[in-house]
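Q: Got a minute to go through this model with me? I'd like to start with the fold and then get to the DNA.

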Protein chains: 2
Amino acid sequence: MGRDICFTTEQFYGCACGNLRAATRVVTRQYDEALRPTGLRISQLGPLVAISLFGPISITELAEKMFIDRTTLSRDLRLLQRRGYVRTRAGNDRRFREFSVTPKGQDSMAQALPLWQQAQARMRALLGNDNLKALLAQLSQVIVAASDKS
Amino acid sequence: MGRDICFTTEQFYGCACGNLRAATRVVTRQYDEALRPTGLRISQLGPLVAISLFGPISITELAEKMFIDRTTLSRDLRLLQRRGYVRTRAGNDRRFREFSVTPKGQDSMAQALPLWQQAQARMRALLGNDNLKALLAQLSQVIVAASDKS
DNA sequence: AGACATTAGGTGTATATACATATACATGGG
DNA sequence: CCCATGTATATGTATATACACCTAATGTCT
(Lines give C-alpha, C1' and ligand atoms only; values in the text may rest on other atoms or scores of the structure.)
Protein backbone atom coordinates (compact mmCIF):
# COMPACT_ATOMS: atom_id res chain seq x y z
CA MET A 1 0.00 0.00 0.00
CA GLY A 2 1.43 3.33 -1.03
CA ARG A 3 2.07 5.82 1.70
CA ASP A 4 0.14 8.64 0.11
CA ILE A 5 -3.07 6.63 -0.11
CA CYS A 6 -2.85 5.29 3.43
CA PHE A 7 -6.05 7.10 4.35
CA THR A 8 -8.42 8.73 1.90
CA THR A 9 -10.59 11.74 2.53
CA GLU A 10 -13.69 9.58 2.29
CA GLN A 11 -12.45 7.25 5.01
CA PHE A 12 -11.42 10.14 7.19
CA TYR A 13 -14.80 11.82 6.97
CA GLY A 14 -16.51 8.48 7.65
CA CYS A 15 -14.84 7.75 10.99
CA ALA A 16 -17.67 7.19 13.46
CA CYS A 17 -15.45 8.07 16.40
CA GLY A 18 -13.97 11.21 14.88
CA ASN A 19 -17.40 12.53 13.98
CA LEU A 20 -18.79 11.74 17.40
CA ARG A 21 -15.87 13.53 19.02
CA ALA A 22 -16.24 16.58 16.77
CA ALA A 23 -19.98 16.77 17.38
CA THR A 24 -19.42 16.45 21.11
CA ARG A 25 -16.93 19.30 21.05
CA VAL A 26 -19.20 21.75 19.25
CA VAL A 27 -22.31 20.78 21.18
CA THR A 28 -20.54 20.84 24.54
CA ARG A 29 -19.37 24.38 23.79
CA GLN A 30 -22.98 25.40 23.15
CA TYR A 31 -24.31 23.90 26.37
CA ASP A 32 -21.40 25.18 28.44
CA GLU A 33 -21.94 28.68 27.08
CA ALA A 34 -25.62 28.53 27.99
CA LEU A 35 -24.78 27.28 31.49
CA ARG A 36 -21.97 29.80 32.07
CA PRO A 37 -24.00 32.02 34.45
CA THR A 38 -24.47 29.07 36.80
CA GLY A 39 -20.78 28.19 37.07
CA LEU A 40 -21.69 24.61 36.13
CA ARG A 41 -20.58 22.83 32.99
CA ILE A 42 -22.76 20.32 31.23
CA SER A 43 -20.22 17.67 32.25
CA GLN A 44 -20.96 18.59 35.88
CA LEU A 45 -24.70 19.08 35.54
CA GLY A 46 -25.05 15.54 34.19
CA PRO A 47 -23.69 13.75 37.27
CA LEU A 48 -25.52 16.19 39.55
CA VAL A 49 -28.87 15.43 37.93
CA ALA A 50 -28.14 11.72 37.90
CA ILE A 51 -27.32 11.73 41.61
CA SER A 52 -30.47 13.72 42.28
CA LEU A 53 -32.57 11.21 40.37
CA PHE A 54 -30.92 7.97 41.47
CA GLY A 55 -29.14 8.86 44.70
CA PRO A 56 -27.99 7.99 47.24
CA ILE A 57 -25.74 6.10 44.88
CA SER A 58 -22.18 4.82 44.88
CA ILE A 59 -19.51 5.91 42.44
CA THR A 60 -19.37 2.53 40.73
CA GLU A 61 -23.13 2.39 40.20
CA LEU A 62 -23.26 5.94 38.87
CA ALA A 63 -20.29 5.29 36.60
CA GLU A 64 -22.12 2.33 35.06
CA LYS A 65 -25.28 4.35 34.54
CA MET A 66 -23.38 7.18 32.87
CA PHE A 67 -20.85 5.06 30.97
CA ILE A 68 -18.01 6.96 32.62
CA ASP A 69 -14.87 5.33 33.91
CA ARG A 70 -15.03 4.91 37.69
CA THR A 71 -11.78 6.72 38.28
CA THR A 72 -12.85 9.65 36.13
CA LEU A 73 -16.12 10.01 37.97
CA SER A 74 -14.30 9.78 41.28
CA ARG A 75 -12.34 12.92 40.46
CA ASP A 76 -15.35 14.70 38.93
CA LEU A 77 -17.41 14.15 42.07
CA ARG A 78 -14.54 15.33 44.26
CA LEU A 79 -14.84 18.73 42.58
CA LEU A 80 -18.60 18.82 43.05
CA GLN A 81 -18.13 17.87 46.68
CA ARG A 82 -15.53 20.59 47.27
CA ARG A 83 -17.97 23.12 45.89
CA GLY A 84 -20.66 21.85 48.23
CA TYR A 85 -23.04 20.47 45.61
CA VAL A 86 -22.90 16.84 46.72
CA ARG A 87 -22.07 15.04 49.93
CA THR A 88 -21.20 11.49 50.85
CA ARG A 89 -22.46 9.22 53.52
CA ALA A 90 -20.59 6.10 54.51
CA GLY A 91 -22.67 2.92 54.50
CA ASN A 92 -22.39 -0.06 56.81
CA ASP A 93 -19.91 -1.46 54.36
CA ARG A 94 -17.14 1.05 54.84
CA ARG A 95 -15.91 0.59 51.28
CA PHE A 96 -18.98 2.36 49.96
CA ARG A 97 -19.46 6.09 49.62
CA GLU A 98 -23.04 6.99 48.81
CA PHE A 99 -23.49 10.33 47.11
CA SER A 100 -26.47 12.64 47.36
CA VAL A 101 -27.16 16.22 46.30
CA THR A 102 -27.03 18.98 48.92
CA PRO A 103 -29.59 21.81 49.12
CA LYS A 104 -26.95 24.06 47.58
CA GLY A 105 -26.63 21.59 44.73
CA GLN A 106 -30.42 21.53 44.32
CA ASP A 107 -30.39 25.32 44.09
CA SER A 108 -27.74 25.25 41.38
CA MET A 109 -29.71 22.64 39.48
CA ALA A 110 -32.87 24.73 39.71
CA GLN A 111 -30.90 27.69 38.39
CA ALA A 112 -29.40 25.61 35.61
CA LEU A 113 -32.65 24.02 34.45
CA PRO A 114 -34.00 26.92 32.36
CA LEU A 115 -30.57 27.54 30.82
CA TRP A 116 -30.22 23.88 29.95
CA GLN A 117 -33.68 24.00 28.42
CA GLN A 118 -32.63 26.96 26.29
CA ALA A 119 -29.62 25.06 24.98
CA GLN A 120 -31.72 21.98 24.32
CA ALA A 121 -34.38 24.10 22.57
CA ARG A 122 -31.68 25.66 20.44
CA MET A 123 -30.48 22.23 19.36
CA ARG A 124 -34.06 21.26 18.60
CA ALA A 125 -34.49 24.39 16.49
CA LEU A 126 -31.22 23.83 14.65
CA LEU A 127 -31.88 20.19 13.80
CA GLY A 128 -35.64 19.99 13.77
CA ASN A 129 -37.62 17.98 16.29
CA ASP A 130 -37.66 14.79 14.23
CA ASN A 131 -33.94 14.89 13.56
CA LEU A 132 -33.19 15.46 17.23
CA LYS A 133 -35.35 12.48 18.14
CA ALA A 134 -33.63 10.38 15.50
CA LEU A 135 -30.21 11.47 16.74
CA LEU A 136 -31.06 10.55 20.32
CA ALA A 137 -32.32 7.16 19.18
CA GLN A 138 -29.12 6.56 17.22
CA LEU A 139 -26.98 7.60 20.16
CA SER A 140 -28.83 5.30 22.55
CA GLN A 141 -28.24 2.45 20.17
CA VAL A 142 -24.56 3.33 19.89
CA ILE A 143 -24.15 3.54 23.65
CA VAL A 144 -25.82 0.22 24.30
CA ALA A 145 -24.10 -1.57 21.44
CA ALA A 146 -20.59 -0.25 21.98
CA SER A 147 -20.64 -0.68 25.76
CA ASP A 148 -21.85 -4.26 25.57
CA LYS A 149 -19.17 -6.59 26.94
CA SER A 150 -18.63 -9.13 24.23
CA MET B 1 -40.99 24.82 40.96
CA GLY B 2 -40.40 22.16 43.58
CA ARG B 3 -36.86 21.09 44.18
CA ASP B 4 -37.50 17.41 43.81
CA ILE B 5 -38.96 17.79 40.32
CA CYS B 6 -36.22 20.13 39.10
CA PHE B 7 -35.19 17.62 36.46
CA THR B 8 -37.14 14.56 35.45
CA THR B 9 -35.73 11.32 34.18
CA GLU B 10 -37.24 11.96 30.75
CA GLN B 11 -35.49 15.30 30.47
CA PHE B 12 -32.24 13.82 31.67
CA TYR B 13 -32.27 11.01 29.16
CA GLY B 14 -33.14 13.47 26.39
CA CYS B 15 -30.13 15.75 26.79
CA ALA B 16 -28.48 15.92 23.37
CA CYS B 17 -25.15 16.87 24.87
CA GLY B 18 -25.13 14.24 27.59
CA ASN B 19 -25.94 11.50 25.11
CA LEU B 20 -23.31 12.70 22.67
CA ARG B 21 -20.74 12.75 25.45
CA ALA B 22 -21.66 9.26 26.64
CA ALA B 23 -21.57 7.86 23.11
CA THR B 24 -18.21 9.50 22.53
CA ARG B 25 -16.83 7.93 25.70
CA VAL B 26 -17.85 4.37 24.86
CA VAL B 27 -16.91 4.62 21.19
CA THR B 28 -13.56 6.27 21.92
CA ARG B 29 -12.74 3.40 24.27
CA GLN B 30 -13.46 0.94 21.45
CA TYR B 31 -11.28 2.72 18.91
CA ASP B 32 -8.48 3.35 21.41
CA GLU B 33 -8.45 -0.31 22.35
CA ALA B 34 -8.21 -1.31 18.70
CA LEU B 35 -5.36 1.16 18.12
CA ARG B 36 -3.47 0.20 21.30
CA PRO B 37 -0.74 -1.78 19.47
CA THR B 38 0.22 1.33 17.50
CA GLY B 39 0.63 3.60 20.53
CA LEU B 40 -1.72 6.08 18.86
CA ARG B 41 -5.11 7.10 20.20
CA ILE B 42 -7.97 7.91 17.90
CA SER B 43 -7.69 11.50 19.13
CA GLN B 44 -4.15 11.55 17.77
CA LEU B 45 -4.79 9.58 14.59
CA GLY B 46 -7.44 12.11 13.56
CA PRO B 47 -5.12 15.14 13.41
CA LEU B 48 -2.38 13.01 11.88
CA VAL B 49 -4.64 11.89 9.04
CA ALA B 50 -5.98 15.40 8.57
CA ILE B 51 -2.47 16.84 8.30
CA SER B 52 -1.56 14.09 5.87
CA LEU B 53 -4.58 14.89 3.70
CA PHE B 54 -4.59 18.68 3.91
CA GLY B 55 -1.06 19.62 4.91
CA PRO B 56 1.11 21.56 5.00
CA ILE B 57 -1.44 23.36 7.12
CA SER B 58 -1.41 25.84 9.97
CA ILE B 59 -2.81 25.18 13.42
CA THR B 60 -5.65 27.64 13.00
CA GLU B 61 -6.74 26.16 9.66
CA LEU B 62 -6.61 22.61 10.99
CA ALA B 63 -8.49 23.62 14.13
CA GLU B 64 -11.29 25.02 11.99
CA LYS B 65 -11.46 21.91 9.86
CA MET B 66 -11.63 19.65 12.92
CA PHE B 67 -13.79 21.89 15.11
CA ILE B 68 -11.13 21.83 17.82
CA ASP B 69 -10.11 24.86 19.83
CA ARG B 70 -6.85 26.33 18.52
CA THR B 71 -5.10 26.13 21.86
CA THR B 72 -6.15 22.52 22.38
CA LEU B 73 -4.81 21.52 19.00
CA SER B 74 -1.61 23.43 19.68
CA ARG B 75 -0.89 21.19 22.64
CA ASP B 76 -2.02 18.03 20.87
CA LEU B 77 0.32 18.69 17.97
CA ARG B 78 3.18 19.41 20.33
CA LEU B 79 2.91 15.83 21.56
CA LEU B 80 2.83 14.45 18.02
CA GLN B 81 5.84 16.58 17.18
CA ARG B 82 7.80 15.38 20.21
CA ARG B 83 7.17 11.82 19.13
CA GLY B 84 8.41 12.62 15.66
CA TYR B 85 5.15 12.10 13.78
CA VAL B 86 4.78 15.66 12.51
CA ARG B 87 7.14 18.53 11.82
CA THR B 88 6.73 22.24 11.26
CA ARG B 89 8.11 24.56 8.66
CA ALA B 90 8.08 28.31 9.11
CA GLY B 91 6.55 30.28 6.26
CA ASN B 92 7.51 33.70 4.95
CA ASP B 93 5.03 35.13 7.40
CA ARG B 94 6.87 34.23 10.57
CA ARG B 95 3.66 33.97 12.54
CA PHE B 96 2.71 30.77 10.70
CA ARG B 97 3.79 27.26 11.53
CA GLU B 98 2.88 24.84 8.77
CA PHE B 99 2.55 21.22 9.88
CA SER B 100 3.22 18.16 7.79
CA VAL B 101 3.54 14.44 8.55
CA THR B 102 7.00 12.88 8.78
CA PRO B 103 7.91 9.51 7.26
CA LYS B 104 7.75 8.08 10.79
CA GLY B 105 4.24 9.48 11.09
CA GLN B 106 3.32 7.96 7.73
CA ASP B 107 4.56 4.59 8.97
CA SER B 108 2.44 4.83 12.11
CA MET B 109 -0.58 5.77 10.04
CA ALA B 110 -0.01 2.81 7.75
CA GLN B 111 0.21 0.57 10.79
CA ALA B 112 -2.94 2.11 12.28
CA LEU B 113 -5.06 1.91 9.15
CA PRO B 114 -6.05 -1.78 9.37
CA LEU B 115 -6.73 -1.48 13.11
CA TRP B 116 -8.87 1.58 12.54
CA GLN B 117 -10.72 -0.33 9.82
CA GLN B 118 -11.38 -3.15 12.27
CA ALA B 119 -12.87 -0.75 14.80
CA GLN B 120 -14.95 0.94 12.12
CA ALA B 121 -16.11 -2.45 10.82
CA ARG B 122 -17.09 -3.44 14.34
CA MET B 123 -19.20 -0.30 14.67
CA ARG B 124 -20.78 -1.08 11.31
CA ALA B 125 -21.57 -4.59 12.45
CA LEU B 126 -22.99 -3.41 15.77
CA LEU B 127 -25.25 -0.76 14.27
CA GLY B 128 -25.89 -2.05 10.77
CA ASN B 129 -24.64 -0.28 7.69
CA ASP B 130 -27.75 1.86 7.22
CA ASN B 131 -27.78 3.00 10.82
CA LEU B 132 -24.11 3.90 10.69
CA LYS B 133 -24.72 5.95 7.57
CA ALA B 134 -27.68 7.65 9.18
CA LEU B 135 -25.66 8.38 12.32
CA LEU B 136 -22.86 9.95 10.30
CA ALA B 137 -25.37 12.07 8.42
CA GLN B 138 -26.94 13.22 11.68
CA LEU B 139 -23.55 14.03 13.16
CA SER B 140 -22.53 16.05 10.11
CA GLN B 141 -25.70 18.03 10.45
CA VAL B 142 -25.09 18.60 14.15
CA ILE B 143 -21.52 19.71 13.57
CA VAL B 144 -22.45 22.17 10.85
CA ALA B 145 -25.49 23.52 12.66
CA ALA B 146 -23.99 23.87 16.12
CA SER B 147 -20.72 25.38 14.92
CA ASP B 148 -22.44 27.99 12.76
CA LYS B 149 -21.64 31.43 14.11
CA SER B 150 -25.00 33.07 14.63
C1' DA C 1 7.49 56.42 9.76
C1' DG C 2 4.54 55.74 13.72
C1' DA C 3 0.11 54.45 15.92
C1' DC C 4 -3.34 51.20 15.92
C1' DA C 5 -5.80 47.16 14.60
C1' DT C 6 -5.57 42.42 13.03
C1' DT C 7 -3.82 37.89 13.00
C1' DA C 8 -1.16 33.58 14.39
C1' DG C 9 0.24 31.40 18.04
C1' DG C 10 1.44 30.28 22.93
C1' DT C 11 0.63 30.18 28.33
C1' DG C 12 -1.91 29.89 32.70
C1' DT C 13 -5.40 27.57 34.66
C1' DA C 14 -9.11 24.36 35.29
C1' DT C 15 -11.55 20.37 34.15
C1' DA C 16 -12.53 15.67 31.76
C1' DT C 17 -10.97 11.29 30.44
C1' DA C 18 -9.10 6.62 31.29
C1' DC C 19 -5.51 2.94 31.98
C1' DA C 20 -2.36 0.76 35.33
C1' DT C 21 -1.83 0.14 39.80
C1' DA C 22 -2.41 0.48 44.87
C1' DT C 23 -5.21 0.46 49.15
C1' DA C 24 -8.87 -0.63 52.23
C1' DC C 25 -12.49 -3.43 53.39
C1' DA C 26 -15.37 -7.71 53.15
C1' DT C 27 -16.16 -12.55 52.59
C1' DG C 28 -15.50 -17.35 52.28
C1' DG C 29 -12.57 -21.67 52.58
C1' DG C 30 -9.33 -24.25 54.95
C1' DC D 1 -8.58 -17.70 62.85
C1' DC D 2 -5.90 -16.65 58.74
C1' DC D 3 -5.28 -16.34 53.99
C1' DA D 4 -6.97 -15.91 49.38
C1' DT D 5 -10.21 -13.75 46.69
C1' DG D 6 -13.27 -10.32 45.47
C1' DT D 7 -15.01 -5.53 45.71
C1' DA D 8 -15.11 -0.33 46.20
C1' DT D 9 -12.41 3.33 45.80
C1' DA D 10 -8.31 6.20 45.25
C1' DT D 11 -3.65 7.55 43.07
C1' DG D 12 -0.05 8.05 39.47
C1' DT D 13 0.41 9.34 35.03
C1' DA D 14 -0.77 10.89 30.50
C1' DT D 15 -3.69 13.08 27.38
C1' DA D 16 -7.81 16.05 25.68
C1' DT D 17 -10.48 20.08 26.13
C1' DA D 18 -11.23 25.11 26.20
C1' DC D 19 -11.51 29.91 28.13
C1' DA D 20 -8.90 34.08 29.44
C1' DC D 21 -5.04 36.29 28.54
C1' DC D 22 -0.45 37.34 26.49
C1' DT D 23 3.22 37.91 22.78
C1' DA D 24 4.93 38.47 18.29
C1' DA D 25 4.39 39.54 13.57
C1' DT D 26 1.84 41.77 10.02
C1' DG D 27 -1.14 45.07 7.87
C1' DT D 28 -3.17 49.73 7.50
C1' DC D 29 -4.14 54.47 7.91
C1' DT D 30 -2.57 58.98 8.16
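Q: What order do the three strands of the chain A sheet come in, and is the pairing parallel or antiparallel?
A: The order is β1-β3-β2 in chain A, an open sheet with antiparallel pairing. Strands here are DSSP E runs of at least two residues, helices are H or I runs of at least four, both numbered from the N terminus, and two strands pair if DSSP finds at least two bridges between them. The edge strands are β1 (57-58) and β2 (86-90) of chain A, each pairing on one side only.

Q: Before we go on, what should I know about the model and the numbering?
A: It's a predicted model: local features need pLDDT of at least 70 and side-chain atom pairs pLDDT 80 or more, while totals for chains, interfaces and linings use all residues. Residues count from 1 along each chain as its sequence is written, chains are lettered from A and ligands numbered from 1 in the order written, and side-chain values use heavy atoms, without hydrogens and water.

Q: OK, how many bridges join β2(A) to β3 of chain A?
A: Five, with β3 covering residues 97-101 and running antiparallel to β2(A). One pair to look at is A:Arg89, whose bridge partner in β3(A) is A:Glu98. Packed on that sheet is α3(A), which touches β1, β2 and β3 of chain A, at about 100 degrees to the direction of β3(A). Touching means heavy atoms within 4.5 Å, and the angle, on a 0 to 180 degrees scale, is between N-to-C directions of lines fitted to C-alpha atoms, for helices over the stretch in contact.

Q: And in chain B, what joins β2(B) to β3(B)?
A: A hairpin, through six residues. B:Val86 has B:Val101 as its bridge partner in β3(B).

Q: Switching to DNA: how many residues surround strand C?
A: There are 29, and the closest are B:Arg29, B:Thr60, B:Arg70, B:Ser74 and B:Arg97. Near means a heavy atom within 4 Å of the strand.

Q: Which part of strand C do they meet, bases or sugar and phosphate?
A: Of the strand C atoms within 4 Å of the protein, 69% belong to sugar or phosphate and the rest to bases.

Q: Where does B:Arg29 come in?
A: A polar side-chain atom of B:Arg29 lies 2.3 Å from a phosphate oxygen of strand C. On the base side, a side-chain N or O atom of A:Thr72 is 3.1 Å from a base nitrogen of strand C. Both are polar contacts, which for protein and DNA means N or O atoms within 3.5 Å.

Technical notes:
A polar contact is a pair of N or O atoms within 3.5 Å; within protein, one must be able to donate a hydrogen and the other to accept it, and residues adjacent in sequence count only if both atoms are side-chain atoms.
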